[in-house]
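Here is a quick briefing to read with the model open beside you. Take a look at the fold before you go through the points.

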Amino acid sequence: MHIVLVEPEIPGNTGNIARLCAGTGIELHLVRPLGFSTDDKYLKRAGLDYWHLVKVHYHDSFDEVQVKYEGHPFYFCTTKAAQIYSDIAYTSDVFLVFGKETAGLPESLLAANEAHTIRIPMHAGARSLNLSNAVAVVAYEALRQNAFVELSLAGTGCGGSHKI
């Protein structure tokens, strides 16, 4: 599985998503321009000591991603989609695409891929979820549908190894 962040702006969100990728084996694709340096202390802090576990790919454009991975299924997360993310049948080679925090994905990209746009249902008064939360919601649904095949179910995944 793959998560694609198109022009992410907030280092903490990307760090959290990288940590999700480390814990799940999902590959992370970052599409430039990035709103931060990958050496950013907030990016590293959010990802903690997991960066060595993440397979990160850097791309200069989203077109580059689509050409390189032609034939793979792509789903585009947006508040403007008609389809709900949980109504999709995800395969293990899926690319889950998310836009920048302030603007989402470009309208032209959404229009060209309308049949593959998905949304997370929300209360009518809410604008959107935090990017790292939205990625986690959709990614875990895709993993669930694929029987968590890449994951060891031995770990807790719920806040570390702290004892209560």
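What follows covers the overall layout, the strand pairing, the salt bridges, the cysteines and a surface patch.

This is a predicted model, in which local features need pLDDT of at least 70 and side-chain atom pairs count only at pLDDT 80 or more, while totals for chains, interfaces and linings use all residues. Residues are numbered from 1 along each chain as its sequence is written, and side-chain values use heavy atoms, with hydrogens and water left out. The chain has 5 helices and 7 strands; helices (H or I, at least four residues) and strands (E, at least two) are DSSP runs, numbered from the N terminus.

**Overall layout**

- Going along the sequence, you'll meet the elements in the pattern β-α-β-α-β-α-β-β-β-α-β-α.
- The chain has 164 residues, and 41% of them count as buried. Here buried means under 20% relative accessible area, exposed means over 50%, and partly exposed is in between (1.4 Å probe, protein chains only).
- Val138 sits in helix 5 and is buried, at a relative accessible area of 0%.
- Between the C-alpha atoms of Val138 and Leu96 there are 7.9 Å, although these two residues are 42 apart along the chain.

**Strands 1, 2 and 3**

- Strand 1 (residues 2–6) runs parallel to strand 2, and 5 bridges join them. For two strands to pair, DSSP has to find at least two bridges between them.
- Within that pairing, Val4 stands opposite His29 of strand 2.
- To get from strand 1 to strand 2, the chain passes through helix 1 (residues 11–24), making a right-handed β-α-β crossover. Right-handed means that, with the strands pointing away from the viewer, the path from the first strand over the helix to the second runs clockwise.
- Strand 2 (residues 27–31) is mostly covered, with 4 of its 5 residues buried.
- On to strand 3 (residues 56–59): it pairs with strand 2 in the parallel sense over 4 bridges.
- Two facing pairs to look up here are His29 opposite His57 in strand 3 and Val31 opposite His59 in strand 3.
- Side chains alternate along strand 3: His57 and His59 point to one face and are buried, whereas Val56 and Tyr58 point to the other and are not.

**Salt bridges**

- The structure holds 4 salt bridges, counting a side-chain nitrogen of Lys or Arg within 4 Å of a carboxyl oxygen of Asp or Glu. Among them are the three pairs below.
- Glu7 pairs with Lys100, with 3.0 Å between the closest N and O atoms. This pair links distant parts of the chain, 93 residues apart: Glu7 is in the loop between strand 1 and helix 1, and Lys100 is in the loop between strand 6 (95–98) and helix 4 (107–112).
- Glu7 is partly exposed, with a relative accessible area of 25%, and Lys100 also counts as partly exposed, at 25%.
- Asp60 pairs with Arg32, the closest N and O atoms being 2.9 Å apart. Asp60 lies in the loop between strand 3 and helix 3 (62–68) and Arg32 in the loop between strand 2 and helix 2 (41–47), so this pair ties together parts that are 28 residues apart in sequence.
- Asp60 counts as exposed at 54% relative accessibility, while Arg32 is partly exposed at 34%.
- Lys80 pairs with Glu107, where the closest N and O atoms are 3.4 Å apart. Lys80 is in the loop between strand 4 (74–77) and strand 5 (83–84), and Glu107 is in helix 4, 27 residues apart.
- Lys80 is exposed, with a relative accessible area of 52%.

**Cysteines**

- How many disulfides does a search of the whole structure find? The search finds 0 disulfides, a disulfide being a pair of cysteine sulfur atoms within 2.5 Å.
- Cys21 is buried, with a relative accessible area of 0%, and Cys77 is buried too, at 15%.

**Nonpolar surface patch**

- Met122, Leu129 and Val137 make a nonpolar surface patch of about 200 Å². Patches are made of residues with over 30% relative accessible area and no salt bridge; like charges are joined within 9 Å and nonpolar side chains (Val, Leu, Ile, Met, Phe, Trp, Tyr) within 5 Å. Accessible areas come from the Shrake-Rupley method with a 1.4 Å probe, and for residues only the protein chains shown count as cover.
- You'll find Met122 in the loop between strand 7 (117–119) and helix 5 (131–145), partly exposed at a relative accessible area of 31%.
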